[in-house]
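Please look at the sequence and the structure shown below, and keep both in view while reading. The report goes through the model part by part.

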Amino acid sequence: MLQPTPDALLALLTRLARGEAVAADECAELLGIAVADLDDLMGVLVDYGVRRRRDGGLRIPGGLSLLDAGRIGALLAAELAAPPAVDVLGVVGSTNDIARAHIESGRTEARSILAEAQTAGRGRRGRSWSSPVAANIYVSHVDAIGGGLDDARGLSLVAGVAVAEAIDAATGVDVQLKWPNDLLVGERKLGGILVELILAGAGNAYGVLGIGINVRVPAHVGAAIDQPFIDLTEAVGSSIDRNALAAGVIVHLHRYAAAFRSRGFDEELQRRWQARDPFRDRRVVARSEQGELRGFARGIDASGALIIETSAGRVTVGAGDVSLRLEEGA
Ligand code: ATP
Ligand code: BTN
């Protein structure tokens, strides 16, 4: 199937966002293709609600809601006394890399970086994160940890609590947290969290909380994701306001980052994480390069490590390179 570049697709969707018809030659020019090739692209464009008109032009009936810095800023200002800076970008490599570059160049104030698409979205261990144009939420929230790297234990779990509660508040969807960093609905992956730590200046650590949330994964993109996944449109059964969702996620991340800075991964934060742990007391297998560990998941300890009760006793597992799965039939 012919595929437009993410930049060309975003340019076209931006032109069509207001719901007006746009002539075929202008659409083809925005896509960088010949008018005759528009037909070949319709397989991709229909996933964005684009329809071909009898005169050959294109239209998105009802329009398309793109990320809007003004709206997100207004929603944040209504909720937070001192909101973080917000950058809304188009097509980027990875929002986490942009966040890192901010800190490394001395711009360390709290900031949320959103993009419409990523061409090098990352999961853990260098896996790729599918980040199609104008479809989902990709945000990296930067904030100070309030100490050094050793004080960051539990941060990625706290980010999970923040995002799960934000989605729950915005949509009513009961989001579960699979240790260490997955957002699940049922047993399908709704999103993921990639926390990276950066040391800047006098030993101060900064956290980059990178969040991907599936809002409406285009069918042709979903076909290439190699594990069970879900998006919020399916989970809720109606369309989702990405700007309201993004603002809610940022508000929660900002508040939870402040709580973490002042209290660390305290009992209250641990309790909130445990309340969304679907694997608790179920048979699991933790796989890493060191091999496999089997037993019952018994929640987390005060450092955010997973507790597994094996036949040889209790073992704690740090996030590192570990991948957790339910045992067949558990
Ligand atoms: P782990 O249990 O170790 O967290 P994981 O398989 O979920 O394992 P991650 O590194 O957390 O691995 O996430 C990357 C994986 O997520 C990819 O290999 C792919 O299978 C899946 N994936 C990629 N993009 C998406 C997406 N938009 N929605 C859901 N899943 C995705
Ligand atoms: C995972 O499940 O392994 C984590 C996926 C994290 C994806 C988000 S999208 C925004 C930010 N930028 C990235 O490159 N990754 C994170």
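## A pair of facing residues

This is a predicted model, and a convenient place to begin is a single bridge: Glu196 has Val208, a residue of strand β9, as its bridge partner. The bridge belongs to a longer pairing, in which strand β8, covering residues 188-200, and strand β9, covering residues 204-213, run in the antiparallel sense and are joined over 10 bridges.

## The sheet of seven strands

Strands β8 and β9 take their places in an open sheet of 7 strands, whose order is β3-β4-β5-β9-β8-β7-β6 and whose pairing is mixed. At the edges of this sheet are β3, residues 85-92, and β6, residues 176-178, and each of these two pairs on one side only. When direction is ignored, neighbouring strands in the sheet are turned against each other by 25 degrees on average.

A helix also belongs to this picture, since helix α6, made of residues 155-171, packs on the sheet and touches β6, β7 (182-185), β8 and β9. The direction of helix α6 makes about 135 degrees with the direction of β8.

## Asp182 and its surroundings

Is Asp182 buried or exposed in this model? Asp182 lies in strand β7, and its relative accessibility is 7%, which is why Asp182 counts as buried, the limit for that word being under 20%.

Which residues is Asp182 in contact with, if its neighbours within four places in sequence are left aside? They are Gln176, Leu177, Lys189 and Gly191. With Lys189 there is a polar contact as well, in which the side chain of Asp182 and the side chain of Lys189 come to 3.1 Å.

## The surroundings of ligand 1

Lys189 appears again around ligand 1, which is surrounded by 20 residues, the closest being Arg125, Arg127, Lys178, Lys189 and Asp226. Both side chains and backbone supply polar atoms here: an N or O atom in the side chain of Arg127 is 2.7 Å from an oxygen atom of ligand 1, while a polar backbone atom of Ser130 is 3.0 Å from a nitrogen atom of the ligand. The side chain of Ser323 also has an N or O atom that is 3.0 Å from an oxygen atom of ligand 1. Taken alone, ligand 1 exposes 620 Å², and the protein buries 95% of that area.

## The sheet of five strands

A further open sheet has 5 strands in the order β13-β12-β11-β10-β14, and its pairing is antiparallel. Because β13 (313-317) and β14 stand at the edges and have a single partner strand each, one side of each is left without a neighbour in the sheet. On average, and with direction ignored, neighbouring strands of this sheet are turned by 45 degrees against each other.

Within this sheet, β10 (residues 283-288) and β11 (residues 291-300) pair in the antiparallel sense over 6 bridges, and the two strands form a hairpin that has 2 residues between them. Strand β10 is also joined by 4 bridges to β14 (residues 323-326), and these two strands again run antiparallel.

Where does Val285 stand in relation to these two partner strands? Val285 is opposite Arg294 in β11, and it is also opposite Arg325 in β14. Ala286, in turn, stands opposite Leu324 in β14. As a general point, the side chains of a regular strand alternate between the two faces of the sheet.

Note on methods: Residues numbered from 1 in each chain as written. Chains lettered and ligands numbered in written order. Predicted model: local features only at pLDDT ≥ 70, side-chain atom pairs only at ≥ 80, totals over all residues. Heavy atoms only, no water. Pairing = 2+ DSSP bridges. Axes fitted to C-alpha atoms, helices over the stretch in contact; angles between N-to-C directions. Contact = heavy atoms within 4.5 Å. Buried < 20%, exposed > 50% of the residue type's maximum accessible area, 1.4 Å probe, protein only. Polar contact = N/O pair within 3.5 Å; in protein donor to acceptor, adjacent residues only side chain to side chain. Near = heavy atom within 4 Å. Areas by Shrake-Rupley, 256 points an atom, 1.4 Å probe, with all protein chains shown as cover.
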